[in-house]
Amino acid sequence: MNNIRPLSRRLRCTLIVLASLSCGALALTVIRHWPRDPLATRIPSSTAVFDRHGHLLRLTLASDEQYRLWTPLEKVAPEFIDALLLHEDQHFYRHVGVNPAALIRATASTYTGGTRLGGSTITMQLVRLMYGLDTRSIGGKLVQIARALQLEACYSKHDILEAHINLMPYGGNVQGVATASLVYFNKSPDKLALAEALSLVLIPQSPLRRGPRAQEPGVLLAARERLFERWRERFPASKSVHQYVSLPLSYRRIADLPFLAPHFTNQVLANAGRSHHIETTLDLPLQRMTERVLTTYVRERSPRGIRNAAALLVDTRDMAVRAMVGSASFGAVDIDGQVNGTLAKRSPGSALKPFIYALAMDQGLIHPMTVLKDAPTAFGPFTPENFDGRFVGPITATDALIRSRNVPAVQLASQLAQPDLYQFLHTSGIARLRSAEHYGLALALGGGEVTMEEAAKLYAMLANRGRLADVRYFKDEPQQPSTRLLSEEASFMTLEMLKSAPRPEDPFTRRQDRLRTAWKTGTSWGFRDAWTAGIVGPYVLVIWVGNFDGHGNPAFVGVTAAAPLFFRVVDAITTSDPTLGERIFRQPPRLARIEVCSASGDLPNADCPQTTQTWYIPGISPIRISTIHRRVFIDTRTGQQACAPYDPVHTRSEVFEYWPTDLLQLFTQAGMPRRRPPASADCQRDVPSGTPPKITSPVVAATYTVRTTRGGSDPIPLAANADSEVRRLHWFVDESYLGSGKPGIAIAWNPGHAGRYVVRTVDDRGRADSRELVVEMVK
């Protein structure tokens, strides 16, 4: 029995020790895995913004006014990590936060007057940096040890080392290896060379003596040599780089930190969320080139009152913003330079007209060579005029678009339906639109407001064959699915129309384009905004010239103020990249070419003297036989039109152009009068031929409010255009004869009472047109 008792006591002690160790291990495991905030969330971080190639655009201050860019351990050069552990804490992965042997050795050296040695582990150094401890006293050192043990119990070695490299001090308000790498070497920490890595390991021990601005630069060089000797012992393969390690390094200053593309980076930072490392879509070379061209242009045109401009460049292939210049000078107070003009709502003038024509082609109203009428026209109370105050008469849709004629655009806009222009813009995502009634047809001429970003989206839709997508600012931002708003055919034809516009006169731009550029200008009311937007190669470029305060200037005309800047940027882009080409698309499947009469845009009849080619959509585009040119048989004895059957001896034939009377007047005013056919003889015709008259007043679907007077009521004008052979028009109201007048000349009608009426006019050849209107009476 005496022999068993000691054995049982030893066993009992052993079990107690094992249980204690098990409990300790269990407690440590529980503490290690207990939910807690990551160290990264406890340390404020700066935000770094990079362009698409990795160039730093801006580094912001952290919330504690430090430049500290939190970087994961895996994104730091392995040479830096190895050198740090070699120099600071070779036993980092083997201790529990404190190295007793190193502490005893450091204490003995300090109090015996020997060489001062460091005994702090990396974990202890992290504690001092995190909690701001004074570790020169015994009490401070004990707190540091306790906190180190606590960190080791709560966090992994990976997390502790990661936090340490992000808090290492490099002088001033620069902390962390990533920040130091960007500030001193303008590179990310994963691209550090060995000499740079060794230097960044050594500087935190004494930033004043070893920092890049130290009065004795040899101190850092000598320390780097000593550390490299130890490095070679650990990594013998590195002996060949000694000649590079021993050379002095070139350091940048914190004042050299970039502040590039300020409007773009402000926009990105405002929408970046919690990310501290932002890779954007910006292309820094394109950004700098655009800024340089814009600044030079504004300085050159400043005598004309052009003091501010903005530019936006978007790659249509992925809708990435490649360049954004929000003002002529970010720091200029007199022009409110910090305002981002690319995001400001401004009147686009005529810059939205291409979408009217695209919608009209999709809805079968026109094709590119359809002849439209540029003549004085009233759309109810709205009577648009052209920028030059003149009217040119018949004009093809292509010429009307590139010459920015207002009346044809408003005429087309008035005929659009499902969608009309307002519905199209609303579906396109144009923000803060008022009601459709607020704008009316003035929306076609810039009555609404858009941002440059919204305009870029719309023009990119043309380049992407009718599919709308949002612009992208972030490199890792996925491309959102696009939405089709226009057909491939209408988008293609609209771009072809815009590409036929000649370049504006500017001695600083090329005369020949390597790439065909589709472009359109816009000028807002009161000369407050000058626009040019267009497509060159894969890019959409939008230019705005004006004042942020809305002050107008007669120089703010799209074609003379914005277009020259647009083409200077275009030329700079194409010159900088000789490989740049137009995007390759298949020809839209439903598109075809057809020959039409040049004068009318319709299929040529036998008498059309000149034809041209145009694109059209079979089954949708309006194609009919031309009636402008007609062969007239003339009796040589009377000079009048001959009656059938024709006497071959006394009859000759000529081809005349039959235009409506309002266009004939415009031809005359322009000094290009058209020959009118001779008077018609009194021939019997079974069926009237030619073009019937067209009522211009009253307008379609209008309600006329008439004021009653003692004499009856205010008159309503009745007017119509007719064939050039027509001499008289006869007017009827509800089958009651009202009177007659000449084509294009209004006659007055005084309605007797309110109600619904049908107005009809008949020309002297028996052809007619009619229109309904509603009359309301007020006193």
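These legends walk through several close-up views of a predicted model.

Residues are numbered from 1 along each chain as its sequence is written, and side-chain values use heavy atoms, with hydrogens and water left out. Because the model is predicted, local features need pLDDT of at least 70 and side-chain atom pairs count only at pLDDT 80 or more, while totals for chains, interfaces and linings use all residues.

**View 1. Strand S6 is covered on both faces.**
Strand S6 spans residues 309–315, and 7 of its 7 residues are buried (buried means under 20% relative accessible area, exposed over 50% and partly exposed in between, with a 1.4 Å probe and protein chains only). Strands here are DSSP runs of E with at least two residues, and helices are runs of H or I with at least four, both numbered from the N terminus. In a regular strand the side chains alternate between the two faces of the sheet. On one side of S6 you will find Ala 309, Ala 311, Leu 313 and Asp 315, and on the other Ala 310, Leu 312 and Val 314.

**View 2. S6 pairs with S14 and with S7.**
Two strands pair if DSSP finds at least two bridges between them. Here 7 bridges join S6 to strand S14 (residues 539–546), running antiparallel, and Leu 313 stands opposite Leu 541 in S14. Another 5 bridges link S6 to strand S7 (residues 320–325), again antiparallel. Across that pairing, Val 314 faces Val 321 and Leu 312 faces Met 324. S6 and S7 form a hairpin with 4 residues between them, and Met 319 in the turn has a positive phi of about 60°.

**View 3. The open sheet has 5 strands, and helices pack on it.**
The strand order is S7-S6-S14-S13-S12, with antiparallel pairing. S7 and strand S12 (518–523) stand at the edges with a single partner strand each, so one side of each is left without a neighbour in the sheet. From one strand to the next, the twist averages 10°. Helix H14 (residues 284–301) packs on the sheet and touches S6, S7 and S14, its direction making about 30° with that of S7. Helix H22 (residues 558–576) also packs on the sheet, touching S6, S12, strand S13 (529–536) and S14, at about 30° to the direction of S13. Contact means heavy atoms within 4.5 Å; axes are lines fitted to C-alpha atoms, for helices over the stretch in contact, and angles run from 0 to 180 degrees between N-to-C directions.

**View 4. Helices H15 and H17 cross at roughly 45°.**
The axes of H15 (residues 353–362) and H17 (residues 406–415) come within 10 Å. That crossing angle makes H15 oblique to H17 (under 35 degrees counts as roughly parallel, over 145 as roughly antiparallel, 65 to 115 as roughly perpendicular and the rest as oblique). Lys 353, Ile 356, Tyr 357 and Ala 360 in H15 meet Asn 406, Pro 408, Ala 409, Leu 412 and Ala 413 in H17.

**View 5. The buried residues of helix H3 pack against several helices.**
In H3 (residues 78–88), the buried residues are Phe 80, Ile 81, Ala 83, Leu 84, Leu 85, Leu 86 and Glu 88. Their packing partners include helix H5 (122–131), helix H7 (157–167) and helix H11 (218–234).
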